[in-house]
Each structure stands twice: as C-alpha cells, then as structure tokens.
Amino acid sequence: MSTHRYHQHFTVSWDQLHRDVRELCHRLIERDFKGIVAITRGGLIPAALIARELDVRLIDTVCIKSYDHMEQGGLEVLKGVDHQGEGWLLVDDLVDTGRTAKAVREMLPNAHFVTIYAKPDGKPLVDQYLTEVAQDCWIQFPWDMGVAYVEPLVDQAKR
Ligand SMILES: O=P(O)(O)OC[C@H]1O[C@H](OP(=O)(O)OP(=O)(O)O)[C@H](O)[C@@H]1O
Ligand SMILES: O=c1[nH]c(=O)c2nc[nH]c2[nH]1
Ligand SMILES: [Mg+2]
C-alpha cells in the first residue's frame with residue numbers, strides 16, 4: 001500500500017480533536033469501564049482525554065506499529081495485554097484499512113473498541129466512532145504538524 005491511495009487531507013487541530021473526543025465521551029458516559037487500553041501511539045492522546053472525562057485511572061497499552069508516515073508496512077506487535085478485554089475500553093485515534101483494528105480485536109475480543117475517526121474499510125471493526133472520513137483522505141493530526149509563517153498573497157504573487 002502506498003501514498004497513492006490518499007488524494008485529500010483532513011486537518012485536525014488540537015481544539016477540534018479535543019471537542020471530538022469530548023463528543024465521543026458523551027456517548028460513553030453511561031458505561032462503566034474497568035480501564036482503558038490505548039493502542040500506541042495514536043490512541044494515547046485520545047485515551048488520556050477520555051480517561052479524564054470518564055474518571056478512569058487504570059490505563060494499559062497495546063503497542064503496535066504499521067505505518068511509516070503514509071507507507072503501510074508489516075504489522076509489528078511490540079506489547080500485548082494479559083486479558084481479553086472484558087469490561088475494558090479500547091481506544092485508537094482512527095481506523096483506516098482496519099488492519100491494526102483486526103489484529104487488536106483478535107487480542108482483545110471482549111473490549112469495547114472506539115476510535116475518533118473511521119474510514120469505510122475499517123469502520124465495521126469498531127464498536128463506536130465519532131466522524132467518518134473518506135477512504136482516500138489522509139487525516140493530519142495536530143501532533144504531526146506545526147505552526148508556520150505564511151507569506152502574504154501580494155508577496156507570493158511578486159515571485
Ligand atoms: O486501519 P489501519 O490501516 O491499520 O491504520 C490505522 C492505524 O494506523 C495508525 O497507526 P500507526 O501504525 O501509523 O502508528 P502510530 O499510532 O504510532 O502513529 C493509526 O494510529 C492506527 O493505529
Ligand atoms: O496520521 C494518520 N492519518 C491517517 O489518515 C492514517 N491512516 C492510517 N494511519 C494514519 N495516520
Ligand atoms: Mg496507531
């Protein structure tokens with residue numbers, strides 16, 4: 001798989017991400033979770049924000065890697081957990097092809113799995129998500145970006 005499958009960008013600011021996570025939390029508030037399992041690294045920040053909203057103090061991780069920027073490589077599980085997820089909330093930032101989700105689902109079949117963003121191929125693998133994003137759209141997360149100077153249009157036009 002390669003960068004060629006992405007034709008548009010969806011840029012998420014810190015503020016937008018925070019509002020989206022809180023919105024998802026409104027839909028989780030009735031449930032009582034033993035703890036949260038965050039899928040690293042993308043699930044860590046949503047997991048911290050969710051833990052704050054739902055007053056969860058027990059946090060574990062499944063450590064997994066599949067992408068090097070937009071290039072999808074082999075799935076590497078660096079750390080698992082010693083249970084099947086009963087009563088736990090499983091959190092990732094997004095599902096794209098669903099490959100990561102499928103692998104983690106097999107490890108934690110009983111967890112309640114949520115992501116903030118979901119693309120069509122991956123969404124059947126999660127129990128809940130907030131926003132659907134097109135399959136050919138690359139989601140730009142705030143931790144991958146920085147604030148940069150933009151030249152005024154009149155100066156750009158001179159060149
Ligand atoms: O549905 P998929 O096609 O498997 O893609 C989704 C996964 O890809 C990203 O993780 P990545 O492997 O880039 O690692 P990171 O979380 O450390 O950025 C993202 O955080 C999801 O975990
Ligand atoms: O930052 C990211 N944005 C994405 O759209 C994506 N898909 C897989 N992995 C991803 N990482
Ligand atoms: Mg990830």
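## Around ligand 2

A polar side-chain atom of D96 sits 2.6 Å from a nitrogen atom of ligand 2. Keep in mind that this is a predicted model. K119 makes a similar sort of approach with its side chain: one of its polar atoms is 2.8 Å from an oxygen atom of the ligand. I139 does it with its backbone instead, placing an N or O atom 2.7 Å from a nitrogen atom of ligand 2. With the protein wrapped around it, ligand 2 has 87% of its 280 Å² of accessible area covered.

Who else is in the neighbourhood? The residues surrounding ligand 2 are Y6, Y67, L94, D96, K119, C137, W138, I139, F141 and D144. Sort that shell by class and you get seven nonpolar residues, three charged ones and no polar ones. Strand β8, which spans residues 137-140, gives the shell its largest share, with three residues.

Now step back to the space itself. Ligand 2 occupies the largest pocket, which has a volume of about 810 Å³. There are 31 residues lining this pocket, and R41, G42, Y67, D93 and L94 are the closest to its centre. Elements that each give two or more residues to the lining are β2 (35-40), β3 (59-68), β5 (88-95), α3 (99-107) and β8. Of these, which gives the most to the lining? That would be β3, with five residues.

The lining of the largest pocket has its own mix of classes: twelve nonpolar, ten polar and nine charged residues. Set that beside the shell right around ligand 2, where the count of polar residues is none.

How values were computed. Residues numbered from 1 in each chain as written. Chains lettered and ligands numbered in written order. Predicted model: local features only at pLDDT ≥ 70, side-chain atom pairs only at ≥ 80, totals over all residues. Heavy atoms only, no water. Near = heavy atom within 4 Å. Polar contact = N/O pair within 3.5 Å; in protein donor to acceptor, adjacent residues only side chain to side chain. Areas by Shrake-Rupley, 256 points an atom, 1.4 Å probe, with all protein chains shown as cover. 1 Å grid on protein atoms, 1.4 Å probe; cavity = no way out; pocket = protein on both sides within 12 Å on 5 of 7 lines; lining within 4 Å. Sits in = over half its atoms within 2 Å of the grid points. Helix = DSSP H or I, 4+ residues; strand = E, 2+ residues; numbered from the N terminus. Nonpolar A, V, L, I, M, F, W, Y, C, P; charged D, E, K, R; others polar. Points joined across faces, edges and corners; volume = space filled by probe spheres on them.
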